[in-house]
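Thanks, everyone; I would like to walk through one structure this morning, starting from a single residue and widening the view step by step. Please have the sequence and the model open as I go.

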Amino acid sequence: MEFIQKRDRLVLTTIAQSGPNGIDFTTLFASLAPYLTRESIQKSIENLFIKGDIISVNTGSGEVRYIASKTVRDAMISLEIQKYRIAEYVKELSSKKDEILQLQDKNKQLEELKNIVSKGLTLISLSLLNLYSSSMPELTIPEFIESIQPLSEVLGKLSKVVEVKLNKEDIDNILKIVEKYRGVKDYELLKQLIEKGEENSSS
């Protein structure tokens with residue numbers, strides 16, 4: 001599995017977020033102009049069209065609209081669900097962090113801190129597994145990894161206070177299922193992604 005390059009992902013997700021009605025080029029260009037040139041956007045549209053990730057529709061009034069395929073939009077639903085779960089965890093982390101650090105009992109403080117950080121690491125790993133087993137992981141996994149960078153930094157800071165290791169039993173069991181049905185290559189790729197996420201959060 002090869003991840004979709006950043007430029008194409010940016011164009012594709014922008015089109016997908018426009019829903020089943022799609023987006024015209026003028027609006028698409030206005031949205032992406034701060035990041036991409038017109039030529040880059042056109043090149044990405046060509047690549048995505050050839051791959052079947054988008055279709056173009058002539059409305060009959062001379063306007064052409066670009067619509068993401070149903071597979072892409074389903075993948076975006078999976079991505080948004082995982083991002084929502086992360087956002088809810090961030091709220092919980094934010095509300096609990098200060099009260100945990102204010103606990104007078106240091107042993108209790110360390111225990112609570114370990115629990116909340118471990119929960120975050122496990123959530124990230126399970127989200128990666130969910131995205132991997134859903135449609136278009138080559139799109140959703142790199143998008144997800146980029147979206148959790150701020151959380152990884154927070155977990156990294158908290159991990160300096162307490163040493164936290166991800167509870168790997170469930171993760172390993174699920175990875176074995178991946179290996180059984182998708183082979184060693186995909187198993188190793190997903191394992192590396194999870195381990196990298198844990199290392200980034202602990203560094």
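Let me begin with D24, which counts as buried because its relative accessibility is 13%, below the 20% that serves as the cut-off for that class. I should say straight away that this is a predicted model, and that everything I describe is computed from it.

D24 lies in strand 1, and its bridge partner in strand 3 is R65. If we set aside the neighbours within four places in sequence, D24 is in contact with E63, V64 and R65, so that the bridge partner R65 appears again in this list because contact here simply requires heavy atoms within 4.5 Å. What lies 3.1 Å from a polar atom of the D24 side chain? It is the backbone nitrogen of T26.

From that residue we can move out to the strands. Strand 1 and strand 3, the latter covering residues 64-68, pair in the antiparallel sense over 2 bridges, and besides the pairing of D24 with R65 we find I23 standing opposite Y66 in strand 3. On the other pairing, strand 2 is joined to strand 3 by 5 bridges, and these two strands also run antiparallel; N58, for instance, stands opposite V64 in strand 3. The hairpin of strand 2 and strand 3 has 5 residues between the strands, and in that hairpin G60 takes a positive phi near 100 degrees.

Taken together, the 3 strands form an open sheet in the order 1-3-2, with antiparallel pairing. The edge strands are strand 1, residues 23-24, and strand 2, residues 54-58, each of which pairs on one side only. As a general reminder, strands of a sheet pair through backbone hydrogen bonds, either parallel or antiparallel.

Now to the helices, and to one packing in particular. Helix 1, residues 6-16, packs against helix 4, residues 70-101, at an angle of about 90 degrees, with the two axes 10 Å apart. That angle is why helix 1 is described as roughly perpendicular to helix 4. Which residues make the contact? On the helix 1 side they are L12, T13 and A16, and on the helix 4 side V72, R73 and M76. Sorted by class, the contact of helix 1 with helix 4 has 4 nonpolar, 1 polar and 1 charged residues.

Further along the chain I would point to E169, which is found in helix 8, residues 169-182. Is E169 buried or exposed? With a relative accessible area of 57%, E169 is exposed. E169 and L131 are 38 residues apart in sequence, and their C-alpha atoms are 19 Å apart in space.

Finally, the whole chain. The protein chain has 9 helices and 3 strands, and read along the sequence it follows the pattern α-β-α-α-β-β-α-α-α-α-α-α. Along its principal axes, the C-alpha trace spans about 70 × 40 × 25 Å. Of the 203 residues in the protein chain, buried residues make up 40%, and D24, where I started, is counted as buried at 13% relative accessibility. Among contacts between residues at least 6 apart in sequence, 70% join residues at least 24 apart. I will stop there and take comments.

Terms used: Residues are numbered from 1 along each chain as its sequence is written. This is a predicted model: local features need pLDDT of at least 70, side-chain atom pairs count only at pLDDT 80 or more; totals for chains, interfaces and linings use all residues. Side-chain values use heavy atoms; hydrogens and water are left out. Axes are lines fitted to C-alpha atoms, for helices over the stretch in contact, and angles run from 0 to 180 degrees between N-to-C directions. Helices (H or I, at least four residues) and strands (E, at least two) are DSSP runs, numbered from the N terminus. Angles under 35 degrees count as roughly parallel, over 145 as roughly antiparallel, 65 to 115 as roughly perpendicular and the rest as oblique. Ala, Val, Leu, Ile, Met, Phe, Trp, Tyr, Cys and Pro count as nonpolar, Asp, Glu, Lys and Arg as charged, and the others, Gly among them, as polar. Two strands pair if DSSP finds at least two bridges between them. Buried means under 20% relative accessible area, exposed over 50%, partly exposed in between (1.4 Å probe, protein chains only). A polar contact is a pair of N or O atoms within 3.5 Å; within protein, one must be able to donate a hydrogen and the other to accept it, and residues adjacent in sequence count only if both atoms are side-chain atoms.
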